[in-house]
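Here are a few exercises to work through with the structure open beside you. Try each task before you read its solution.

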Amino acid sequence: MTDQIGKTLVIGGGISGIRASLDLAQAGYQVLLLEQSDRVGGLLSQLDTQFPTSTCGMCRMLPMMERDRVDQQCLRRGLSHDNIEICVSTDLISLKGDPGNFSVSFLSQTDGGRDDCPVLVVDDEKIVRDSMKEWLSEEGYPVQTADSAAEALNLLAEGSFKVMLTDIKMPGMDGVTLLTRAKEIQPDLAVVMMTAYAAVDTAVEAMKQGALDYLVKPFDPDAVLQMVDRIFKDAVAENARKDTVDAVILASGATFFQPNLGINPYGYGRIPGVVTNLEFERMLSHAGPGGMDLVHPVTGRPVTRIAWFQCVGSRDIQTGTPFCSSTCCMISVKQSLLAKTMYPQVTEACVFYMDLRTWGKASDDYARQAKKAGVRFVRARVHSLAPGLKENDTGIPVVWLDPSGDRRESLFDLVVLAPGQHPDAFLSGFAKDQELTTDDWGFVRPEPFLSGHTNRPGIFVCGGATGPRDIHDSVTGASAAALSAMQVMASAGRQTVQNPEKTESTGLRSDGVSLFPGALVIGGGIAGMAAALAIADQGFDVDLVEKTDHLGGNLVWLQTAIEGAGSFLEEQTAAVQGHDRIRIHTRTCVADTMGRPGQWNTRLTPVKDTAENTDADRPEQLAENGSPPDKSSGGKSPDVQVRHGVVVLAVGGAEASPDRPLPDNGPGIYTQQQFQQALDQDAIDTGSPLHVAMFQCQGSREPGRDYCSRICCPRSLDQALRLKAGHPDSRVVIFYRDMMTPGLSESAYTEARKAGVVFVPYEPGNTPELAADNTGCRVNWTDPILGRAMEMAADYAVLATGIQPGLSRDLARLFGADLDRSGFFDQADIKWRPVEAMDPRVLACGICLEPGNLALTLASARAAAAKAVSLLSRETFFPGKDTARVRSAFCSLCQICIDACPFNARFIDPETRTLKVDPLACQGCGICAAACPSGAAVVTDRSLAPMIKTIHAVLNQPL
């Protein structure tokens with residue numbers, strides 16, 4: 001039905017859920033946001049600061065348009081938007097249906113939550129009883145335990161239970177007999193049998209006598225929780241509230257490893273002073289338990305020596321978590337830097353790490369700040385901890401081995417553990433109920449090349465539910481998932497909520513600003529094509545500009561290196577070329593632009609022939625008019641004028657040049673891209689045993705290019721594994737500073753070590769020496785363990801030189817944006833507004849935005865498209881109450897306020913010759929009001945008279 005308003009269910013009120021909900025709400029759709037806990041915000045609501053600013057910036061996610069429809073308050077306090085219905089302390093009971101018609105039922109915990117579902121655990125083994133009680137209690141179930149059937153019958157006679165989990169084999173009375181007698185006391189009791197493999201037949205027989213199901217020992221905690229959750233949901237299904245939605249976004253996040261479970265080598269919960277990083281975060285907070293002081297949680301003494309341990313429940317095969325949790329290193333870097341800078345009493349801050357994973361474009365510089373502040377970084381993994389030997393010694397002795405094998409020891413007041421991210425019980429149960437594809441560790445596995453798409457149409461996923469994610473990747477992925485939900489609602493013929501100011505005030509207001517209904521996407525690589533397709537699919541015209549004569553960008557040479565990328569590139573190219581709302585301009589660049597932001601008139605001009613933008617071997621591409629290019633004229637056409645309301649910069653980037661002078665006669669020396677192309681073209685005989693040396697960070701993470709390019713380490717691992725697969729006797733040595741394989745990409749690192757790839761760490765300033773002649777390459781280095789000079793003869797040397805962005809400052813500034821210190825697109829906020837410039841109508845995606853792999857590139861493209869669609873779907877934007885306005889009767893058009901505005905939000909309308917405020921650019925800072933000599937510039941509710949009233953009210957004095 002086309003008269004219905006589109007509606008999406010968002011499951012999870014953490015950062016990802018909030019971001020997806022706000023994007024949908026800004027686009028005019030309704031959102032039903034469900035959160036199990038009693039507040040939105042998730043983990044981030046408990047953190048005071050984030051890197052790289054060492055401040056909190058959650059409020060920067062608040063909308064830049066129609067701001068009166070959302071409470072402009074700290075998001076750590078809560079969220080409120082006219083288009084979002086928020087249900088906290090709520091359990092999802094069931095979800096059924098298809099895209100455009102999902103039926104959802106949910107129940108407020110105040111209307112019959114888990115508190116009303118008491119559980120009885122019966123087992124003669126104490127460890128089973130205690131473990132199950134802990135697991136179920138954490139999920140909110142009241143739990144009682146019994147060590148025998150007789151005790152269980154007494155408890156059943158005294159109180160009411162909804163669920164009983166009972167062992168089959170127990171001394172005295174067995175579980176089957178208990179089942180029969182329990183049903184006599186409480187006929188509606190749901191009974192689940194617990195058994196070992198040897199007694200499964202008995203459990204099946206028990207089901208014939210009234211048992212609901214059975215569990216097999218040893219238990220998976222998630223299996224136990226899923227079983228009890230299923231019983232709980234079946235019991236309350238009739239009382240649940242029901243609704244219908246078009247799409248579903250799963251943003252349930254992840255949970256954290258509990259260090260006290262299992263062998264607990266660091267004594268968490270036993271040794272005073274061993275805390276988790278989240279607990280230490282509260283200690284750093286001025287609103288935390290210590291107030292303005294950093295004190296020991298047990299003794300209350302000032303803390304002076306602190307150690308941080310990485311990879312607690314991550315990169316650990318023993319705990320079943322071989323993956324990296326992505327965020328731990330940077331959390332520890334941030335906390336150690338804050339401890340050193342906020343508290344002069346802290347004399348030692350030491351981070352113990354295996355690989356310091358400061359990937360991305362801002363993290364490595366932030367780690368350098370920590371080192372300059374005095375934080376010590378030690379490459380070591382501490383085996384275990386023991387309490388101090390002296391009775392009055394509150395310090396914790398930490399013992400480790402340095403790279404040479406020497407024993408080291410220091411005493412610390414606090415040890416801060418960095419627990420890894422894990423799937424939680426809800427995620428496991430939801431994935432099973434909805435038959436979602438998951439990976440080996442229980443995270444939802446998105447479909448290849450479709451950011452956020454699950455194997456179930458209409459159900460999308462983002463954030464920690466897909467694997468360990470940091471804030472930046474979670475926010476980007478959430479916007480991409482929101483776009484997917486928009487596409488479902490558009491396909492279902494759903495409408496958006498009408499702009500109330502337009503419907504109620506048509507003809508009465510003249511202070512609105514309109515956008516031209518179209519988008520300009522600059523860059524025809526995979527990011528640009530993905531963004532153009534997503535915007536065009538929503539019904540908006542797109543002009544796609546590419547300076548070369550072909551589409552595809554870096555994916556053209558990478559397509560054989562990434563499984564399935566070749567066919568994906570072909571599909572995307574065909575879709576772009578065949579779309580009736582996309583005009584393709586190849587061998588074209590932007591000459592200049594005129595007009596205000598959102599009302600741009602941009603001139604496109606043909607580029608001159610160069611080796612970079614012509615290639616006779618490329619397949620025939622379409623010209624701007626949709627027909628094959630004119631071979632006689634080189635496919636060129638006269639200048640073209642394009643009107644557009646948003647611009648997406650997707651100009652990509654390229655492999656950087658080597659930072660070191662290469663040997664003159666070195667035919668075996670390749671850059672990483674050159675080596676990949678040689679492998680793909682079979683120019684290297686991988687079937688023969690080869691000696692290959694790979695060098696990471698050749699020009700990256702150094703002055704002039706002081707960022708990690710994020711893709712080099714995974715690409716080296718792929719190439720090394722390919723060489724090993726070609727011939728197991730090939731010797732591959734990777735010289736590295738830190739292997740950057742965050743998240744699930746850690747599996748390739750593990751596989752490479754198992755395959756015999758040798759990894760040799762080096763420090764900056766001590767890079768292995770490379771020489772070459774016609775006979776091959778030679779590498780000389782000092783072994784960090786043996787302390788001896790080493791030499792290796794290699795057939796090939798491969799230099800990982802990193803990524804260099806392709807965005808020019810002139811092009812960025814043409815649309816009011818700029819470049820950051822590393823030459824990438826300067827984001828409004830690297831975490832909270834990762835694809836926008838300060839002006840939300842200027843967007844970026846792909847490599848020109850930041851270094852990243854194909855998955856992040858596609859996610860950023862769809863995130864940028866989501867922002868573009870939200871803007872283009874509104875015809876007119878009116879200033880909100882916190883936006884500056886102009887009292888025209890007082891305005892002399894002196895233009896002082898235009899020069900003073902730091903956001904370029906004030907301009908003179910050429911038609912009316914009056915000064916106007918751009919509501920999408922204005923931040924409500926009030927600088928214009930301070931600068932205006934005639935009082936014509938004001939910010940509603942922030943003018944002098946209301947402020948004086950407020951001051952007098954605070955002072956409790958009359959005017």
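**Exercise 1.** Leaving aside its neighbours within four places in sequence, which residues is Ser700 in contact with? Then decide whether Ser700 is buried or exposed.

*Solution.* Bear in mind that this is a predicted model. Start by finding the residue: Ser700 sits in the loop between strand E33 (691-695) and H17. Next, list its partners beyond four places in sequence: Arg705, Tyr707, Ser709, Arg737, Thr801 and Gly802. Last comes accessibility. The cut-off for buried is under 20% relative accessible area, and Ser700 has 3%, so it counts as buried.

**Exercise 2.** Work out how helices H16 and H17 pack: what is the angle, and how far apart are the axes?

*Solution.* Two packed helices are described by the angle between their axes and the distance between the axes. For H16 (residues 672-680) and H17 (residues 712-726), the angle is about 30 degrees and the axes lie 11 Å apart. Angles under 35 degrees count as roughly parallel, so H16 is roughly parallel to H17. The crossing of the two is left-handed. Now look at who touches whom: H16 brings Gln672, Phe675, Gln676, Leu679 and Asp680, and these meet Cys712, Arg715, Ser716, Gln719, Arg722 and Leu723 in H17. Sorted by class, the contact of H16 with H17 comes to four nonpolar, four polar and three charged residues.

**Exercise 3.** Trace the open sheet that holds E24: what is the strand order, and which strands are at the edges?

*Solution.* Five strands make up the open sheet, running E26-E25-E24-E30-E41 with parallel pairing. Its edges are strand E26 (582-586) and strand E41 (842-844), each of which pairs on one side only. From one strand to the next, the twist averages 20 degrees. Zoom in on one pair: E24 (residues 518-522) and E25 (residues 541-546) pair in the parallel sense over five bridges. Within that pair, Gly518 stands opposite Asp541 in E25. Then add the helix: H20 (residues 854-872) packs on the sheet and touches E24, strand E30 (646-649) and E41. The direction of H20 makes about 160 degrees with that of E41.

**Exercise 4.** Place Pro517 and say whether it is buried or exposed.

*Solution.* Pro517 is in the loop between strand E23 (513-514) and E24. Its relative accessible area is 59%, so Pro517 is exposed, the cut-off for that being over 50%. Setting aside neighbours within four places in sequence, Pro517 is in contact with Asp541 and Leu872.

Technical notes. Residues numbered from 1 in each chain as written. Predicted model: local features only at pLDDT ≥ 70, side-chain atom pairs only at ≥ 80, totals over all residues. Heavy atoms only, no water. Pairing = 2+ DSSP bridges. Helix = DSSP H or I, 4+ residues; strand = E, 2+ residues; numbered from the N terminus. Axes fitted to C-alpha atoms, helices over the stretch in contact; angles between N-to-C directions. Contact = heavy atoms within 4.5 Å. Buried < 20%, exposed > 50% of the residue type's maximum accessible area, 1.4 Å probe, protein only. Parallel < 35°, antiparallel > 145°, perpendicular 65-115°, else oblique. Left-handed = near helix turned anticlockwise from the far one by under 90°. Nonpolar A, V, L, I, M, F, W, Y, C, P; charged D, E, K, R; others polar.
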